Amino acid sequence: MNYPRSAYLHIPFCHRRCFYCDFPVVPLGDKASGENGPGSSSIKSYLKLLNREISRVCVGGPLSTVYIGGGTPSLLSSSQIFDLLDLLRTRFGFQSGAEITLELDPASFDKFSLDGFLNAGVNRLSLGAQSFNDKVLFELGRRHTSKDLHEACTLVNESFLNGKLFSWSLDLIQNLPGQDLLSWKEELLEALDFSPPHLSVYDLSIEKGTVFALRQKKGDLILPTEELAFDISRLTSEVLKEFGYSRYEISNYAFPGHASRHNRVYWSGASWWGFGQGATSCLSGKRFSRPRTREGYEKWLNSKEFEREDQFFEVSDQDQLIPLDDLFIVGLRRREGIDLRDLLQRMGWNEDLFQQNIANLKKRWNYQIEMGWIKQRGSRFYLSDPCGMEISNQILVEMLLWWDSVNDYSCLESRL
């Protein structure tokens, strides 16, 4: 059986909702912390629901990666993290050397709580920095300050250098309001002072219903121009390459041996378990998302639908674990790109048909190839770094138009 080897647990609690965030979160207030502090009863009742869902799964193999995300999972106590991991260990087991990641907010932990998380079994941390600039942090609606972030990075890096952690990651956001090349380079260099083994650098995305979306609608949110955004993204790639980082996905960079094994599960086409409010599982090509609100999640757990979810938890022996459309899209985001021969053969192409049409395909993508944005190695196509990856959205539109034209393999030859 192709049982998932990865599990994601969603912890929805935050001190506050950031101005760009549309994740399924439950704000508890700035003073919410501690196992017996404000908001603790809400956390405890949620964990009971989460435990109930995890315990519902009757099948599975040992997990190689676990990711506890949110929200702000570091609002939980170390004993609560231990109990969650112990439940997963009981239900599934852990493979030797399993990667177990916990997301942290810089203002939500100290050395004592950090040591508690590591003793509970966490061996990789993801620190949500977003920015080292206090003015930017305020504009984002973040709770932590640059001072908090420096202290958090120091604590986490000390644990890493002392061998208590396998790895850790730092999250940053680029192309923010008011950002320019100089200020962004200063932030990058400030982050690199701590030599995080992994960096995730995301472009700001304006999501419907967020504070930023409302400000943009009012004309009160001035973002970098398209040209400046390109220059900022290219600067990121150049600086991180100079410091020894490898770009293994459009938004992710790592030192050798420190790429996120859990995230690569999503991008490679494997299945995974997802548990908790708003979480998504992918099993045997079928995706299933839980309700995004606390009330909806609890209602679902108490419904007959949840009790009838036997078919959802069945895992087949089929080789194709997620839809080919997803493999095409996420594959193009990776450094390795996509092997079109492999993908199209899964859609019904034989080798002769592939060879007959590969020339037509290259004509379709000729401009992008001539510009050096798309590279080819045999039957594998991938975006160049930095040029292709920096304008990935524009390139992906054209590539997806081609993909849509061949999605019905019974008409492949006529459509190309």
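Is Phe 19 buried, partly exposed or exposed? Phe 19 comes out as partly exposed, because its relative accessible area is 27%, and the buried class stops at under 20%. Keep in mind that this is a predicted model. Below is a quick tour, going from that residue to the cores, the aromatic rings, the strands and the cysteines.

**Phe 19 and its surroundings**

- Phe 19 sits in a loop, the one running between strand S2 (13-14) and strand S3 (26-27).
- Leaving out residues up to four places away in sequence, Phe 19 touches Phe 138, Glu 139, Leu 140 and Gly 141, and also Thr 210, Val 211 and Phe 212.
- One of those partners, Gly 141, is 122 residues from Phe 19 along the chain, yet their C-alpha atoms are separated by 5.3 Å.

**Nonpolar cores**

- As background, nonpolar side chains tend to be buried together in soluble globular proteins.
- Here the largest nonpolar core counts 65 residues, and Leu 50, Leu 125 and Leu 170 have the most contacts inside it.
- Helix H1 (residues 40-56) supplies the largest share of this core, with six residues.
- Apart from that core lies another one of 21 residues, including Ile 250, Leu 327, Phe 328 and Leu 353.
- What does Leu 50 touch, once neighbours within four places in sequence are set aside? The list is Leu 9, His 10, Ile 11, Leu 84, Phe 275, Gly 276 and Tyr 297.

**Aromatic rings**

- Across the whole structure, a search turns up 15 aromatic pairs.
- Tyr 46 and Tyr 297 make a tilted pair, with 5.9 Å centre to centre and 40 degrees between the planes.
- That pair bridges distant parts of the chain: Tyr 46 belongs to helix H1 and Tyr 297 to helix H10 (residues 294-301), 251 residues apart.
- Tyr 46 and Tyr 297 are both buried.
- Tyr 245 and Phe 255 form a stacked pair, at 4.1 Å centre to centre and 20 degrees between the planes.
- Tyr 245 is in the loop between helix H8 (226-242) and strand S9 (246-249), while Phe 255 is in the loop between strand S10 (252-254) and helix H9 (261-268), so this pair ties together parts ten residues apart in sequence.
- Why does Tyr 245 count as buried? Its relative accessibility is 6%, and the cut-off for buried is under 20%.
- Its partner Phe 255 is partly exposed, because its relative accessible area is 22%.
- There is also an aromatic cluster made of Phe 13, Tyr 46, Phe 288, Tyr 297, Trp 300 and Phe 306.
- A charged residue joins the picture at Phe 306: Arg 56 lies over the face of this ring, 5.7 Å from the ring centre.

**Strand S4 and its partners**

- Strand S4 (residues 63-70) has eight of its eight residues buried, so it is largely enclosed by the rest of the structure.
- S4 pairs with strand S1 (residues 6-11) in the parallel sense, over six bridges.
- In that pairing, Tyr 8 stands opposite Tyr 67 in S4.
- S4 also runs parallel to strand S5 (residues 94-104), joined to it by five bridges.
- Val 66 stands opposite Ile 100 in S5.

**A three-stranded open sheet**

- Three strands make up an open sheet with the order S14-S16-S15 and antiparallel pairing.
- Which strands are at the edges? They are strand S14 (338-339) and strand S15 (374-377), and each pairs on one side only.
- S14 and strand S16 (residues 380-383) run antiparallel and are joined by two bridges.
- Asp 339 has Arg 380 in S16 as its bridge partner.

**Cysteines**

- How many disulfides does a search of the whole structure find? The count is zero.
- Cys 18 is in no disulfide, and its nearest cysteine sulfur is that of Cys 21, 6.2 Å away.
- A disulfide would need the two sulfur atoms within 2.5 Å.
- Cys 18 is buried, because its relative accessible area is 11%.
- Cys 21 also counts as buried, because its relative accessibility is 12%.

Notes:
Residues numbered from 1 in each chain as written. Predicted model: local features only at pLDDT ≥ 70, side-chain atom pairs only at ≥ 80, totals over all residues. Heavy atoms only, no water. Core = buried A, V, L, I, M, F, W, Y, C linked by side-chain atoms within 4.5 Å. Buried < 20%, exposed > 50% of the residue type's maximum accessible area, 1.4 Å probe, protein only. Helix = DSSP H or I, 4+ residues; strand = E, 2+ residues; numbered from the N terminus. Contact = heavy atoms within 4.5 Å. Phe/Tyr/Trp six-rings, centres within 6.5 Å; stacked < 30°, edge-to-face > 60°. Lys NZ or Arg CZ within 6 Å of the ring centre and 35° of its normal. Pairing = 2+ DSSP bridges.
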